[in-house]
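Open the model in your viewer and keep the sequence panel beside it. This tour goes from stop to stop, saying what to select and what is there.

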Amino acid sequence: MTEDARDEVDSLVAAWRTERPDLDVEPLQVLSRVSRLAKHLDRARRAAFAEHDLEPWEFDVLTALRRAGKPYELSPGALLRATLVTSGTMTNRIDRLAQAGLVRRRPDPEDRRGVLVSLTETGVARVDAAFSDLLRRERELLSGLEIGDQHALASLLRTLLAPFDSPL
């Protein structure tokens, strides 16, 4: 990509500068591009998941379990924290994933009242395939940037996002 490359945001910013020269529209240079990129990423994610017969919420739960490492299991409470949904929503999601044969529940040997949710072999295979496909699609989205530029962008975005991810 050259510095001379133009996109839709350039046109949008130019139009606003003409129509509202009294406003500093510079934030649009970054945030409108982030917003547009998020739409492309969402499409790529949905396509990767659909190719593996998964909904985005299914992928979120399955990847939380997969990241936990062998035996790929977590308590429902840990899944809640990993996916930021309500307990009722998580119960419904676990039920649906169990019906699909992607997860199973078992009693928690450490807590008689507790339960653990674990990936089945089918769940591991499905989430691994979807994740590989997602990474391929994400690499395609970033293909216009050299690896050093990707690292620099990641660092800048981390700086921008960190205050939002901090506990209150």
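**Stop 1: helix α7**

Select Leu160, which is found in helix α7 (residues 147-165). Helices here are DSSP runs of H or I with at least four residues, strands are runs of E with at least two, and both are numbered from the N terminus. Leu160 is partly exposed, with a relative accessible area of 42%. Buried means under 20% relative accessible area, exposed means over 50%, and partly exposed is in between (1.4 Å probe, protein chains only).

Now add Arg93 to the selection. The C-alpha atoms of Leu160 and Arg93 are separated by 32 Å. Along the chain the two residues are 67 residues apart.

**Before you go on**

This is a predicted model, in which local features need pLDDT of at least 70, side-chain atom pairs count only at pLDDT 80 or more, and totals for chains, interfaces and linings use all residues. Residues are numbered from 1 along each chain as its sequence is written, and side-chain values use heavy atoms, with hydrogens and water left out.

Colour by pLDDT, the predictor's confidence in each residue, from 0 to 100. The mean for the protein is 93, and 97% of its residues reach 70 or more. Which elements have the lowest and the highest mean pLDDT? Helix α4 (residues 76-83) has the lowest, at 91, and helix α6 (residues 121-141) the highest, at 97.

**Stop 2: helix α2**

Select Ala38 in helix α2. Ala38 is partly exposed, at 42% relative accessible area. Add Ala98, which is 60 residues from Ala38 along the chain. Their C-alpha atoms are separated by 31 Å.

**Stop 3: the aromatic rings**

How many aromatic pairs does a search of the whole structure find? It finds two. Rings of Phe, Tyr and Trp (its six-membered ring) pair if their centres lie within 6.5 Å; planes under 30 degrees apart count as stacked, over 60 as edge-to-face and the rest as tilted.

Select Phe49 and Phe59. They form a stacked pair, 4.2 Å centre to centre, with 25° between the planes. The pair links distant parts of the chain: Phe49 sits in helix α2 (residues 27-51) and Phe59 in helix α3 (residues 56-67), ten residues apart. Phe49 is buried, at 1% relative accessible area. Phe59 is buried too, at 4%. Now add Phe131, since ring pairs link Phe49, Phe59 and Phe131 into a cluster.

**Stop 4: α3 against α6**

Show α3 and α6 together. They pack at an angle of about 105°, with their axes 10 Å apart. Axes are lines fitted to C-alpha atoms, for helices over the stretch in contact, and angles run from 0 to 180 degrees between N-to-C directions. α3 and α6 are therefore roughly perpendicular to each other. The cut-offs are under 35 degrees for roughly parallel, over 145 for roughly antiparallel, 65 to 115 for roughly perpendicular, and oblique for the rest.

Select Phe59, Leu62, Thr63 and Arg66 in α3; they meet Val124, Val127, Asp128, Ala130, Phe131 and Leu134 in α6. Contact means heavy atoms within 4.5 Å.

**Stop 5: the nonpolar core**

A nonpolar core is a set of buried Ala, Val, Leu, Ile, Met, Phe, Trp, Tyr and Cys residues joined through side-chain atoms within 4.5 Å. Select Leu62, Leu65, Leu79, Val103 and Leu119. Of the 24 residues in the largest core, these touch the most other members. The elements giving two or more residues to this core are α2, α3, α4, α5 (87-99), β3 (111-119) and α6. α3 gives the most, with six residues.

Centre on Leu119. Not counting residues up to four places away in sequence, Leu119 touches nine named neighbours you can pick out, including Leu62, Tyr72, Val103 and Val127.

**Stop 6: unusual backbone**

Most residues other than glycine have a negative phi, and most peptide bonds are trans. Go to the loop between α3 and β1 (73-74), the place of Pro71. A cis peptide bond joins Lys70 and Pro71, with omega about 10°. Tyr72, in the loop between α3 and β1, has a positive phi of about 55°. Tyr72 is buried, at 13% relative accessible area.

Leu84, in the loop between α4 and α5, also has a positive phi, near 55°. Is Leu84 buried or exposed? Leu84 counts as exposed, at 76% relative accessibility.
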